[in-house]
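Biologist: I am learning to read models of this kind, and I would like a close look at a single part, the sheet and what packs around it. Before we get there, could you explain how one decides whether a residue is buried or exposed?

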Amino acid sequence: MVRKKVLTEDGSHTRFHPHYQEHYHSLSGARNEAIQRFVVPCRVIEKAKDAGVVRILDVGFGLGVNVAVTLEEIRRQVPHARCIWVSLEKELLPIADLQEHWGEGKVSEELCQLVSDLSYDGEFWGGRIVVGDARDSVRRLKGPFDAIYLDPFSPSRNPEMWSIGVMRALWEVCEEGGILSTYSSAAKARLALMAAGWEIGLGPRVGRKSSGTVASRGSVDPPLLTLEEKQRRSLERRLNEETGINGCDPPSPPDGISSP
Ligand SMILES: C[S@@+](CC[C@H](N)C(=O)[O-])C[C@H]1O[C@@H](n2cnc3c(N)ncnc32)[C@H](O)[C@@H]1O
């Protein structure tokens, strides 16, 4: 299946997936999206500075733009810190195609090793790619992770990745105080996160897309940006109607429960 390469507005490239009929990244900028949508809201640099190590789970390796950009940013801003990286992906593209998205340099060479061996252990970072359906892989992960990049295709095209069961499995491997970020602001995504026990807040607006969603396991300091009151109440009402969970109950959805 050919995935056509497309230039985005920040000069970096993405691709178009013919089956999902979606681009892998925002057309406003693939690299910019990695920073604004994931590195910043997940507080990756702060964590690396404070703890000297940051553990990141990347749901949907795709073209590897998020990993390349994150590793470059950590190395640029906190060169003494180490990153532990795990990516989940069911369709790993050929290295030659992926490499076109990583530019040149050390990180690109290291990522080539990661993709060819499915693991990498170097001075600044170590990681692995778990190839297969993320719904299964996530249940076998040990964690904990400080940051989770939730980046499958959209809830309407890739619905299996947005179920309460997946969100709960991600919650289980998240460190207390860890943060998940996603571009989706769909009620389906937010309801599944809430039902799985995540605290949710407003994500940043990237390009022309609406604000995404940021979620934390437990409370974080500084707190997440709150959703508009009307929006929050409507989600809580739907959560209660559709799952019987009210915003205050400790959630314990059964394994594999379907999406709201
Ligand atoms: C939007 S792209 C991710 C872009 C990527 N984060 C990057 O920086 O290039 C979504 C990815 O999720 C993967 N995906 C979708 N459903 C999946 C599933 N059930 N299990 C594992 N990967 C899945 C797709 O194959 C695709 O590569």
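Modeller: A residue is called buried if 20 or more other C-beta atoms lie within 10 Å of its own, exposed if 12 or fewer do, and partly exposed in between. Glu46 therefore counts as partly exposed, since 13 other C-beta atoms lie within 10 Å of its own. Please keep in mind throughout that this is a predicted model. Glu46 belongs to helix α2, residues 44-51, and its C-alpha atom is 9.8 Å from that of Ile74, although 28 residues separate the two along the chain.

Arg43 and Gln21 show the other outcomes of the same count. Arg43, in the loop between α1 (30-39) and α2, counts as buried because it has 22 C-beta neighbours inside 10 Å, and its phi is positive, about 60°, although it is not a glycine. Gln21, in the loop between β2 and β3, counts as exposed because it has 10 such neighbours inside 10 Å, and its phi is also positive, near 55°.

With that in hand, we can turn to the sheet you asked about. Strands of a sheet pair through backbone hydrogen bonds, and they do so either parallel or antiparallel. In this model an open sheet of 8 strands follows the order β6-β7-β5-β4-β8-β9-β11-β10, and its pairing is mixed. At its edges stand β6 (119-121) and β10 (199-202), each of which has a single partner strand, so one side of each has no neighbour in the sheet. From one strand to the next, the twist averages 15°.

Let us go into the sheet at β8, residues 145-150, where 6 of the 6 residues are buried, so the strand is largely enclosed by the rest of the structure. On one side, β8 pairs in the parallel sense with β4 (residues 53-59) over 4 bridges, and in that pairing Asp58 has Tyr149 of β8 as its bridge partner. β8 also pairs in the parallel sense with β9, here over 5 bridges, and Tyr149 has Ser181 of β9 as its bridge partner. If you follow Tyr149 in the viewer, you can therefore step from β4 through β8 to β9, using its two bridge partners, Asp58 and Ser181.

Ile148, which also falls in β8 by its number, leads us from the backbone to the packing of side chains. In soluble globular proteins, nonpolar side chains tend to be buried together. The largest nonpolar core of this model has 67 residues, and those with the most contacts inside it are Ile148 and Leu170. Leaving out residues up to four places away in sequence, Leu170 touches Val138, Ile148 and Leu180.

Moving on to the edge formed by β10, we find that it pairs with β11 (residues 213-216) in the antiparallel sense over 4 bridges, with Ala215 of β11 as the bridge partner of Ile200. Helix α8, residues 187-195, lies across β9 (174-182), β10 and β11, and runs at about 5° to β11. The helix is mostly covered, with 7 of its 9 residues buried, among them Arg190, Leu191 and Met194. The cover over its buried residues includes α7 (164-172), β9, β10, β11 and α9 (229-243). After α8 comes Gly197, whose phi is positive, near 110°.

Two cis peptide bonds deserve a look in the loops that adjoin strands of this sheet. One of them joins Gly143 to Pro144, with omega near -5°, and Pro144 lies in the loop between α6 and β8. The other joins Asp221 to Pro222, with omega near 0°, and Pro222 lies in the loop between β11 and α9.

Finally, consider how the sheet relates to the ligand. Of the 20 residues around the ligand, Gly60, Gly62, Asn66, Lys90 and Ala134 come nearest. The elements that give two or more residues to this shell are α3 (65-77), β5 (82-89) and α6 (134-140), and β5 is one of the strands in the order of the sheet. By class, the shell holds 8 nonpolar, 5 polar and 7 charged residues.

Note on methods. Residues are numbered from 1 along each chain as its sequence is written. This is a predicted model: local features need pLDDT of at least 70, side-chain atom pairs count only at pLDDT 80 or more; totals for chains, interfaces and linings use all residues. A residue is near a molecule or strand if its C-beta atom, placed from the backbone, lies within 6 Å of it. Ala, Val, Leu, Ile, Met, Phe, Trp, Tyr, Cys and Pro count as nonpolar, Asp, Glu, Lys and Arg as charged, and the others, Gly among them, as polar. Two strands pair if DSSP finds at least two bridges between them. Axes are lines fitted to C-alpha atoms, for helices over the stretch in contact, and angles run from 0 to 180 degrees between N-to-C directions. Two residues are in contact if their C-beta atoms, placed from the backbone, lie within 7 Å. A nonpolar core is a set of buried Ala, Val, Leu, Ile, Met, Phe, Trp, Tyr and Cys residues joined through C-beta atoms within 7 Å.
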